[in-house]
Amino acid sequence: MGLYIEALIRTDPERLWQRTQEPAQHQRWDLRFTEISHLPGPAGSAQRFRYATRVLPFLTVAGTGTSAGERHREDGERVSALRFASSEKLAPLSEGSGYWRYVPTADGIRFLTGYDYRTRWGRFGAVADRLVFRPLMGWATAWSFDRLRLWCERDISPARSLTHALAEVLARILVVAVALPFGPAAVLPAARRCLRRPPGRPAAAPSLLARLERP
């Protein structure tokens, strides 16, 4: 997978599963999505979903995908996988796939993702992805993971985290950070707290992903 992000989250496994697997909860903390909703489908099949991302105040791009999860495994881990695609010409990503792993440890849950995608717009899209979009996606994923960690560990809501982060940016611009009323920077999401490379030999994508049909 092209992008890898990992965060250690000290929380209850059920809470983390709920806040990452339920669309209404997921869209609250993940900066990459503005809206996520399930679509109807036959019983026993992979879950279909629709996603939308507001790129600009007046521009939203959308797509569809399929996802599946394994909540109870013999090794104690949980995994989920997804495939997604967008047919909109303004969407920079044409299709992609990825997975989440929930690895229990003595210190907490290693919540990690690996994902990759294909761009459109030919050579221009490839260059724009390498220089701008891929670094931005990596940062947004890591920032969102730390935002989720603060929600699970310290009960700081995603909306509150975003408000604090925007206030910090404004304060830095105005050079008045010492006057901020919301406390130390430890309550702010930071992408730098997440791993951006596997801490050892990279694990293969879960077999669940290979069994998942394209949307």
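**Figure legends: overall fold and close-up views**

**Figure 1. Overall course of the protein chain in the predicted model.** From beginning to end of the sequence, the protein chain follows the pattern β-α-α-β-β-β-β-β-β-α-α-α. It contains 5 helices and 7 strands. The C-alpha trace spans about 55 × 45 × 35 Å along its principal axes. The radius of gyration is 18 Å, which agrees with the value near 17 Å for a compact globule of 215 residues. Of the 215 residues, 42% are buried. Among contacts with a separation of 6 or more, 58% join residues 24 or more positions apart. The protein chain exposes about 12,300 Å², of which carbon and sulfur atoms supply 56%.

**Figure 2. Close-up of the aromatic pair formed by tyrosine 117 and phenylalanine 133.** The structure holds 12 aromatic pairs. In this one, the ring centres of tyrosine 117 and phenylalanine 133 lie 6.2 Å apart; the pair is edge-to-face because the ring planes stand at 80°, and planes over 60 degrees apart fall in that class. The pair links distant parts of the chain, with tyrosine 117 in strand 7 (residues 109-119) and phenylalanine 133 in helix 3 (residues 122-154), 16 residues apart. Tyrosine 117 has a relative accessibility of 7% and therefore counts as buried, whereas phenylalanine 133, with a relative accessible area of 23%, is partly exposed.

**Figure 3. Close-up of an aromatic cluster.** Trp17, Trp29, Trp100, Tyr102, Phe111 and Phe145 are joined into a cluster by ring pairs.

**Figure 4. Close-up of two arginine side chains with their charged ends over aromatic rings.** The charged end of arginine 19 sits over the ring of tryptophan 151, at 4.0 Å from the ring centre. In the second case, the charged end of arginine 134 sits over the ring of tyrosine 117, at 4.4 Å from its centre. Tyrosine 117 is also the residue whose ring pairs with that of phenylalanine 133 in Figure 2.

**Figure 5. Close-up of the surroundings of serine 94 in strand 6.** Strand 6 covers residues 93-104 and includes serine 94. Serine 94 has a relative accessibility of 17% and so counts as buried, the limit being under 20%. When neighbours within four places in sequence are left aside, serine 94 is in contact with Ala85, Ser86, Arg118, Thr119 and Arg120.

Notes:
Residues are numbered from 1 along each chain as its sequence is written. This is a predicted model: local features need pLDDT of at least 70, side-chain atom pairs count only at pLDDT 80 or more; totals for chains, interfaces and linings use all residues. Side-chain values use heavy atoms; hydrogens and water are left out. Rings of Phe, Tyr and Trp (its six-membered ring) pair if their centres lie within 6.5 Å; planes under 30 degrees apart count as stacked, over 60 as edge-to-face and the rest as tilted. Helices (H or I, at least four residues) and strands (E, at least two) are DSSP runs, numbered from the N terminus. Buried means under 20% relative accessible area, exposed over 50%, partly exposed in between (1.4 Å probe, protein chains only). A charge sits over a ring if NZ of Lys or CZ of Arg is within 6 Å of the ring centre and within 35 degrees of the ring normal. Contact means heavy atoms within 4.5 Å. The radius of gyration is taken over C-alpha atoms; the globule rule is 2.2 Å times the number of residues to the power 0.38. Accessible areas come from the Shrake-Rupley method with a 1.4 Å probe; for residues, only the protein chains shown count as cover.
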